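Here is a set of exercises to work through with the model open beside you. Try each task first, then check your steps against the solution.

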Amino acid sequence: MSTIKNIGRFLDQPRLVTNFTQKIPPLLWGAASCIVLYDTFNAPKEVRKKKFIQSGLTMLGAVGSSLLAPAVTTKLFKTAPKVMTLKEIERDNTKYISEFLHRNNTDKNLKKILNKAKKEVLSYRDISLLTEKLRTKEGKKLMQNLIPEPENVTSKDIFSEIGRLSVFGLIPVLGGIAGGICGDSIAGENCGERIPNKIKEGTYQYLANIFLCNIGAGAALSLMERSNIKSKSVRAVGMIIGIIITGVIAGSSIANYIGKKFINKYFDAKDSSEKTRTPEPLDICLHSDDIATVAVMSGLKWIEPTLPALYSISGYRAGIGYRGKE
């Protein structure tokens, strides 16, 4: 158990989370560019220009909006986590450590690691040594200041957190659809014929892979909160079960029903008896963002920066109107 806890502390270091947050945008744009180039050169030569425009603008909409989503949700929801700057982290760590060293006698190794913590990311070995050495009341307080323990989301905050994560996931889906429509328009495609599939795929991605999963996790968390269950591991398992029931099992059926009964009717789509969209390997992989949801609701901070990358995949698939392969 101590090993798992130390791994969590290592990953949740504020400096490491901030570094990770700063590296996500260039990494995401780099991966997105590779996908656009792959799609372009994988298309027949005569339509590569059109494919580049469509794929490029769709990706621009999906990725760009996913990177804007954290700022939007931070303004809308009080549960949004605050990411400190490196300068703020160095200032606070220096203060906490200097005060601790002034009041306590420490051995050479511990002092070296604490001084390192002022400006650098600590290794797992460093974290393990700090956990072992800082066992006094003041030592534990220092550890909490340097690497705050994850806080369980309470029933009071559950629905706000569900709302935040649901809006977070909706923004890239809408951005992908908008980018896809712009790409089709500039490339000379008939937008009217392609919009229904974009909205149906967006509905599928959002309901099956994002929103209903959040509802399932939140409902399970609410029940466990009312049952006074405090164990983080039990709460995590309960939320995963809620995700499986509402998102993985029911989400696909609900999304397909809405697509056939409402979206086709609204857009007067001719193919109202289209093949039902069924979950595929990538859809199943996209449920990794649900594991991220569980982690975020459980208070883990290092997961949060990965959400734009996970949600932008759903946004891109919505934007190209993907409806499954034969």
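## Getting oriented

Along the sequence, the chain reads α-α-α-α-α-α-α-α-α-α-α-α-α. That comes to 13 helices and zero strands, where helices (H or I, at least four residues) and strands (E, at least two) are DSSP runs numbered from the N terminus. Before you start, note that this is a predicted model, in which local features need pLDDT of at least 70 and side-chain atom pairs count only at pLDDT 80 or more, while totals for chains, interfaces and linings use all residues. Residues are numbered from 1 along each chain as its sequence is written, and side-chain values use heavy atoms, with hydrogens and water left out.

## Exercise 1: the whole chain

Work out what share of the residues counts as buried, and what share of the contacts joins residues at least 24 apart.

*Step 1.* Set the cut-offs: buried means under 20% relative accessible area, exposed over 50%, and partly exposed in between (1.4 Å probe, protein chains only). Of the chain's 326 residues, 45% count as buried.

*Step 2.* Now take contacts, meaning heavy atoms within 4.5 Å. Among those between residues at least 6 apart in sequence, 79% join residues at least 24 apart.

## Exercise 2: helix α3

Compare the span of α3 with the expected one, then find its kink and its buried residues.

*Step 1.* The expected span is 1.5 Å times one less than the number of residues. With 29 residues, α3 reaches 41 Å from its first C-alpha to its last, close to the 42 Å expected.

*Step 2.* For the bend at a residue, take the angle between axes fitted to the seven residues ending there and the seven starting there. In α3 there's a kink of about 35° at Ala69, shortly before the proline Pro70.

*Step 3.* List what's buried in α3: Gln54, Ser55, Thr58, Met59, Gly61, Ala62, Val63, Gly64, Ser65, Ser66, Ala69 and Thr73.

## Exercise 3: α3 against α13

Describe how α3 and α13 cross, and say which residues make the contact.

*Step 1.* Two packed helices are described by the angle between their axes and the distance between the axes. Here the axes are lines fitted to C-alpha atoms over the stretch in contact, with angles running from 0 to 180 degrees between N-to-C directions. The axes of α3 (residues 48-76) and α13 (residues 307-319) come within 8 Å and cross at roughly 145°.

*Step 2.* α3 brings Ser55, Thr58, Met59, Ala62, Val63, Ser66, Leu67 and Pro70 to the contact, and α13 brings Pro308, Ser312, Gly315, Tyr316 and Gly319.

*Step 3.* Zoom in on Ser66 of α3. Ser66 is buried, because its relative accessibility is 0%. Not counting residues up to four places away in sequence, Ser66 touches Leu28, Phe168, Pro172, Pro308 and Ser312.

*Step 4.* Do the same for Thr58, also placed in α3. Its 2% relative accessibility makes Thr58 buried. With the same sequence neighbours left out (up to four places), Thr58 touches Gly176, Gly179, Gly180, Tyr316, Gly319 and Ile320.

## Exercise 4: helix α9

Check the span of α9, find its bend, and decide whether it is largely enclosed.

*Step 1.* The 36 residues of α9 (residues 191-226) should span 52 Å, and its end C-alpha atoms are 49 Å apart, which agrees.

*Step 2.* The axis bends by about 45° at Leu207.

*Step 3.* Since 26 of the 36 residues are buried, α9 is largely enclosed by the rest of the structure.

*Step 4.* After α9 comes Asn228, with a positive phi near 60°.

## Exercise 5: two loop residues

Place Gln13 and Phe77, then list their contacts.

*Step 1.* Gln13 sits in the loop between α1 (2-11) and α2 (14-42) and, at 4% relative accessible area, is buried. Leaving aside neighbours within four places in sequence, Gln13 is in contact with Val121, Leu122, Ile127 and Ile147. Gln13 and Leu122 are 109 residues apart in sequence, yet 8.1 Å apart C-alpha to C-alpha.

*Step 2.* Phe77 lies in the loop between α3 and α4 and is buried, at 17%. Outside its neighbours within four places, Phe77 is in contact with Ser160, Gly163, Arg164 and Val167.

## Exercise 6: cysteines

How many disulfides does the structure hold?

*Solution.* A disulfide is a pair of cysteine sulfur atoms within 2.5 Å, and a search of the whole structure finds zero. Cys34 is exposed at 52% relative accessible area, and Cys182 is partly exposed at 44%.
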